[in-house]
Amino acid sequence: PGPRQPARRRAAGYTHAEGLGGVVGARWAAPRHADALLRVRWTLPQAALGRADRLVNIRGSFLAARDLSGKRVLLVDDVMTTGATMGECARTCRAAGAVRVHALTFAR
């Protein structure tokens, strides 16, 4: 759910979660805001870490780019392993005023 770091985004050339978010948003006629969260801190790749280290690694990595006061947010991700990134994105959305944060993942 969290935005990729710019270098990783360029290397991959595509963000699967953004593509899936577009499909979900279109299906439910809901606005899609792929830019609502910004990555503000470089982190190690989560795949190389265990659960406890993932939680520490990702903490404080995101910032809400818009006011989410009173909004319901759906975070979309392609794969969730431990949920550390999804949890941090949800925490960031709630801190920005979201009243509800839901998560949708396509693989676990």
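Threonine 92 counts as buried, at 6% relative accessibility (buried means under 20% relative accessible area, exposed over 50%, and partly exposed in between, with a 1.4 Å probe and protein chains only). Threonine 92 sits in helix 4, residues 84-95; helices here are DSSP runs of H or I with at least four residues, strands are runs of E with at least two, and both are numbered from the N terminus. Setting aside neighbours within four places in sequence, threonine 92 is in contact with Leu37, Phe62, Leu63 and Ala64, where contact means heavy atoms within 4.5 Å.

A word on the ground rules. This is a predicted model, in which local features need pLDDT of at least 70 and side-chain atom pairs count only at pLDDT 80 or more, while totals for chains, interfaces and linings use all residues. Residues are numbered from 1 along each chain as its sequence is written, and side-chain values use heavy atoms, with hydrogens and water left out.

Now for the chain as a whole. The secondary structure comes to 4 helices and 4 strands, and from the N terminus on the elements run α-α-β-α-β-β-α-β. Of the 108 residues, 31% count as buried. The accessible surface adds up to about 6700 Å², and carbon and sulfur atoms own 56% of that; such areas come from the Shrake-Rupley method with a 1.4 Å probe, and for residues only the protein chains shown count as cover. As for contacts between residues at least 6 apart in sequence, 71% of them join residues at least 24 apart.

Helix 4 also meets another helix. The axes of helix 3 (residues 51-58) and helix 4 come within 9 Å and cross at roughly 35°; the axes are lines fitted to C-alpha atoms, for helices over the stretch in contact, and angles run from 0 to 180 degrees between N-to-C directions. On the helix 3 side the contact is made by Arg54, Leu55 and Ile58, and on the helix 4 side by Ala84, Thr85 and Glu88. The crossing of helix 3 and helix 4 is right-handed, a label used if the near helix is turned clockwise from the far one, whereas left-handed means turned anticlockwise by less than a right angle.

Glu88 turns up again in the salt bridges. A search of the whole structure finds 3 of them, a salt bridge being a side-chain nitrogen of Lys or Arg within 4 Å of a carboxyl oxygen of Asp or Glu. Glutamate 88 is buried, with a relative accessible area of 4%. One of its partners is arginine 59, with 3.4 Å from N to O. Glutamate 88 lies in helix 4 and arginine 59 in the loop between helix 3 and strand 2, so this pair ties together parts that are 29 residues apart in sequence. Arginine 59 counts as partly exposed, at 47% relative accessibility. Glutamate 88 also forms a salt bridge with arginine 91, and here the closest N and O atoms are 2.7 Å apart. Because glutamate 88 and arginine 91 are 3 residues apart in helix 4, about one helical turn separates them. Arginine 91 is partly exposed, at 29%. Through shared partners, the salt bridges join Arg59, Glu88 and Arg91 into one network.

Arginine 66 pairs up with aspartate 35 in a salt bridge, the closest N and O atoms being 3.5 Å apart. This pair links distant parts of the chain, 31 residues apart: arginine 66 is in the loop between strand 2 and strand 3, and aspartate 35 in the loop between helix 2 (16-27) and strand 1. Arginine 66 is partly exposed at 34% relative accessibility, and aspartate 35 is partly exposed at 45%.

Serine 69 is found in the loop between strand 2 (62-64) and strand 3 (72-79). At 45% relative accessibility, serine 69 counts as partly exposed. Not counting residues up to four places away in sequence, serine 69 touches Ala96, Gly97 and Ala98. Its C-alpha atom is separated by 3.9 Å from that of glycine 97, although the two residues are 28 apart along the chain.

Last up is leucine 38, in strand 1 (residues 37-39). Leucine 38 is partly exposed, with a relative accessible area of 39%. The C-alpha atoms of leucine 38 and leucine 63 are separated by 5.2 Å, with their positions 25 residues apart along the chain. Leu38, Val40 and Leu63 make a nonpolar surface patch of about 250 Å². Patches are made of residues with over 30% relative accessible area and no salt bridge, joining like charges within 9 Å and nonpolar side chains (Val, Leu, Ile, Met, Phe, Trp, Tyr) within 5 Å.
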